[in-house]
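Reader: I have a model open and would like to learn how to read its features one by one. Could you walk me through it?

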Amino acid sequence: KAAGIALAAVFALSMAGGSTVYAAQGSLPGDTLYTVKLVSESAGTALTFSAEAKAERYLALADRRIEEINSLATLGRTGDLAEAAEDFDDTLGKAVGNAERSNRADVYETVSLATSRHLTVLDSVYDRVPDTAKKAIAAAREASLQGQEKALLALAKHNPTRAMEISLSSM
């Protein structure tokens, strides 16, 4: 009987924890559950082993950070944009670092294309936020530009034509 109660307790705690993680997925910087979201993402990243897979995982997370920045701006929560921009910078830096460790043209191309998308969103957000929030968006934009530059330079060593195409389409 005691084993059954213990098993039921473990099951209940697992369900509650899983529900919390699920609920946290839609949270934004400044929300109570945002830290739970970041921890669950880190756990998923810890189960990713190759540099290529880690670069792609971090790029997917950088896409999430860009969505969060856009959502915060849309909601008028400009006070949380600095945290969101820092999280984006950190995540993108990890993506670029893993791309460099992989030293593969396809990964550099993926980073280059992702940063192009990020820059488009950041430019749109920059135009919509008040002056007090522009510094945070400019910092995120600078991180994206630096990441794109590193990826394009590395891609150019493998495939100069593709690097030039991406660079021209980004302009």
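Author: Gladly; we will go from the overall fold to the charged pairs, and then to the surface and a few single residues. Please keep in mind that this is a predicted model.

Reader: Let's begin with the fold. How many helices and strands are there in the protein chain?

Author: The protein chain has seven helices and zero strands. Read from the N terminus, its elements run α-α-α-α-α-α-α.

Reader: And what share of the contacts in the protein chain comes from residues 24 or more positions apart?

Author: Taking contacts with a separation of 6 or more, residues 24 or more positions apart account for 65% of them. As for burial, 37% of the 171 residues count as buried.

Reader: Now the charges. How many salt bridges does the structure hold?

Author: Here is the general idea: side chains of opposite charge can pair when their charged atoms come close. In this structure there are 13 salt bridges. One of them joins Asp31 and Arg77, whose closest N and O atoms are 3.0 Å apart. That pair links distant parts of the chain, 46 residues apart: Asp31 is in the loop between helix 1 (2-24) and helix 2 (34-46), while Arg77 is in the loop between helix 3 (51-75) and helix 4 (81-102).

Reader: Are Asp31 and Arg77 buried, exposed or in between?

Author: The cut-offs help here: buried means under 20% relative accessible area and exposed means over 50%, with partly exposed in between. Asp31 has 29% relative accessibility, so it counts as partly exposed. Arg77, at 24%, is partly exposed as well.

Reader: Which residue does Arg64 meet in a salt bridge?

Author: Arg64 meets Glu41, with 2.7 Å from N to O. Because Arg64 lies in helix 3 and Glu41 in helix 2, the pair ties together parts that are 23 residues apart in sequence. Compare the two ends: Glu41 is buried, with a relative accessible area of 4%, whereas Arg64 is partly exposed at 32%.

Reader: Which residue forms a salt bridge with Glu52?

Author: Glu52 pairs with Arg104, and the closest N and O atoms are 3.8 Å apart. Glu52 lies in helix 3 and Arg104 in the loop between helix 4 and helix 5 (105-128), so this pair ties together parts that are 52 residues apart in sequence. Arg104 is partly exposed, at 35% relative accessibility.

Reader: Which residues do salt bridges that share partners join into one network?

Author: The network is made of Lys37, Glu41, Arg64, Arg65 and Glu68. You have already met Arg64 and Glu41 as a pair.

Reader: What about the rings? How many aromatic pairs does the structure hold?

Author: It holds zero aromatic pairs. A ring can also have a charge over it, and that case is present: the charged end of Lys134 sits over the ring of Tyr126, 4.4 Å from the ring's centre.

Reader: Let's turn to the surface. Which residues make a nonpolar surface patch?

Author: Start with the whole: the protein chain exposes about 9400 Å², of which carbon and sulfur atoms supply 59%. A nonpolar patch of about 380 Å² is made by Met164, Leu168 and Met171. Met164 lies in helix 7 (residues 160-170). At 49% relative accessibility, Met164 counts as partly exposed.

Reader: I'd also like to try some single residues. Where does Thr48 lie, and is it buried or exposed?

Author: Thr48 lies in the loop between helix 2 and helix 3. Its relative accessible area is 14%, so Thr48 is buried. Leaving aside neighbours within four places in sequence, Thr48 is in contact with Ala53, Lys54 and Arg57.

Reader: What is notable about the phi of Asn103?

Author: Phi of Asn103 is near 50 degrees, a positive value in a residue other than glycine. You will find Asn103 in the loop between helix 4 and helix 5, and it is partly exposed, at 45% relative accessibility.

Reader: One last exercise: how far apart are Ala60 and Leu92 in sequence and in space?

Author: In sequence they are 32 residues apart, and in space 9.5 Å, C-alpha to C-alpha. Ala60 lies in helix 3. With a relative accessible area of 39%, Ala60 is partly exposed.

Definitions and conventions. Residues are numbered from 1 along each chain as its sequence is written. This is a predicted model: local features need pLDDT of at least 70, side-chain atom pairs count only at pLDDT 80 or more; totals for chains, interfaces and linings use all residues. Side-chain values use heavy atoms; hydrogens and water are left out. Rings of Phe, Tyr and Trp (its six-membered ring) pair if their centres lie within 6.5 Å; planes under 30 degrees apart count as stacked, over 60 as edge-to-face and the rest as tilted. A charge sits over a ring if NZ of Lys or CZ of Arg is within 6 Å of the ring centre and within 35 degrees of the ring normal. A salt bridge is a side-chain nitrogen of Lys or Arg within 4 Å of a carboxyl oxygen of Asp or Glu. Helices (H or I, at least four residues) and strands (E, at least two) are DSSP runs, numbered from the N terminus. Buried means under 20% relative accessible area, exposed over 50%, partly exposed in between (1.4 Å probe, protein chains only). Contact means heavy atoms within 4.5 Å. Accessible areas come from the Shrake-Rupley method with a 1.4 Å probe; for residues, only the protein chains shown count as cover. Patches are made of residues with over 30% relative accessible area and no salt bridge: like charges are joined within 9 Å, nonpolar side chains (Val, Leu, Ile, Met, Phe, Trp, Tyr) within 5 Å.
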